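Open the model in your viewer and keep the selection panel at hand. The stops below say what to pick and what is there.

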Amino acid sequence: MTTFWWSVLGLLTCGYFALAGYDYGVGMLLPGFEAGERRRRQTLGALGPFFLANEVWLVAAVGLLFGAFPHLEGKVFAGAYVPVVTLLLGLVTFTASMQLRSRRPDARRGAWTAGIVGGALVTALSWGLFLGNLVIGLPPVDDVFALFNPYAVLWALGFVAVFCLQGAVFLAVRAPAELTGRAVRLARAFSAPVLAFLVIASGWGYFALDDASVFGAVVAALAFAAFAVTRLGLAGRRYRVALVGSMVLSACPALLAGTLRFPTVLVSSGYALPLGQAAAAPETFAVLAWFTPPSLLVLLVVQWLTWRAHRRPLDQHSLLHF
């Protein structure tokens, strides 16, 4: 039963990264497009209908983590307090700036634009730092600076590249035709650092981790395959295929962190937390069983309807709210 709920948590977490990764990618890429207000509104308008729905996956994942694995939640947040705080600051800044940027037509938007770019960058760096430490093993709680170890910093920079690649591919699918060429060029430009991150992180992890399961190798292979699909989709101008590949690629780091040492779910200095000890009491799972399936169904249906309603690229008739 605990393995089933761990899988549900993994589905929600990977779904969040697969969908929300292009939120932060588009935010970080905003300065890469023309500075004119019309272009920037088109760029943000391509993302506008999706970004709040994408964040719901994170809310659901955190809620399930609190309910189903409270012992894991306490140790993770205590051991990675700094990246969790910076992550929340980045998320709040990004979301608020997206919502408030175009609230008044006559208002100046420079500060809100900076908030979108800065919030997206801080969020990407924080997620990379957080997951990189989960993979390599959390340092002692009282050693804050150990969180910025070279391997975790590599993951932080790698997440920036991965999200920017995904954001550029997303814009190749959703942005107006006059922005597609620029988006494709940006996607190709970020392919090299993403490949470098995959190669270095995989090789480094192979030699640094001696307790990894076979799942780690499978997820690494999946990440390289997803990258290949993304590149082939870009080369063949099949941008929707490339988007699927980039979404799978963005979900792979979270999948790796959750399966690398399974059934051990957390490693830190001096202890290892197995899945059974991280889980809540059976009575809690019985309560969750009543609420989780319908909630997950609603989440999937709403996400599908959102994509279906906005599956076409923006054009001159599109209503821009952002």
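Select leucine 249 and its surroundings. Leaving aside neighbours within four places in sequence, Leu249 is in contact with Val162, Leu165, Val194, Leu198, Ala223, Ala226 and Phe227; contact means heavy atoms within 4.5 Å. Leu249 sits in helix α10, residues 239-259. Helices here are DSSP runs of H or I with at least four residues, strands are E runs of at least two, and both are numbered from the N terminus. Leu249 counts as buried because its relative accessibility is 2%. Buried means under 20% relative accessible area, exposed over 50%, and partly exposed in between, with a 1.4 Å probe and protein chains only.

This is a predicted model, where local features need pLDDT of at least 70, side-chain atom pairs count only at pLDDT 80 or more, and totals for chains, interfaces and linings use all residues. Residues are numbered from 1 along each chain as its sequence is written, and side-chain values use heavy atoms, with hydrogens and water left out.

Now draw a distance from Leu249 to Val117. Their C-alpha atoms are separated by 22 Å, with the two positions 132 residues apart along the chain.

**The core**

Which residues touch the most other members of the largest nonpolar core? Select Tyr16, Phe69, Leu72, Leu131, Trp155, Phe170 and Leu249, out of 102 residues in that core. A nonpolar core is a set of buried Ala, Val, Leu, Ile, Met, Phe, Trp, Tyr and Cys residues joined through side-chain atoms within 4.5 Å.

Go to Phe69. Not counting residues up to four places away in sequence, Phe69 touches Thr2, Trp5, Trp6, Leu9, Leu64, Leu275, Ala278 and Ala279.

**Helix α4**

Select residues 70-79, helix α4, and pick out Phe77. Phe77 counts as partly exposed because its relative accessibility is 25%. Beyond its neighbours within four places in sequence, Phe77 is in contact with Leu65, Phe66 and Val84. Label Val141 as well: Phe77 and Val141 are 64 residues apart in sequence and 9.8 Å apart C-alpha to C-alpha.

Ala78 also lies in helix α4. At 38% relative accessibility, Ala78 counts as partly exposed. From Ala78 to Asp142 the C-alpha distance is 9.5 Å, at a sequence separation of 64 residues.

**Two backbone stops**

Most residues other than glycine have a negative phi, and most peptide bonds are trans. Select Arg237, in the loop between α9 (214-235) and α10. Its phi is near 60°, a positive value in a residue other than glycine. Arg237 is exposed, with a relative accessible area of 67%.

Move on to Pro263, in the loop between α10 and β1 (264-268). A cis peptide bond joins Phe262 and Pro263, with omega about 10°.

**Zoom out**

Colour by secondary structure. The protein has 12 helices and two strands. From the N terminus, the order is α-α-α-α-α-α-α-α-α-α-β-β-α-α.

Align to the principal axes: the C-alpha trace spans about 55 × 45 × 35 Å. Of the 322 residues, 51% count as buried. Among contacts with a separation of 6 or more, residues 24 or more positions apart account for 82%.

Last, show the charges. The mean positions of the 22 positive and 13 negative charges are 16 Å apart. Lys and Arg count as positive, Asp and Glu as negative, and His and the chain ends are not counted. Each charge is placed at NZ of Lys, CZ of Arg, CG of Asp or CD of Glu.
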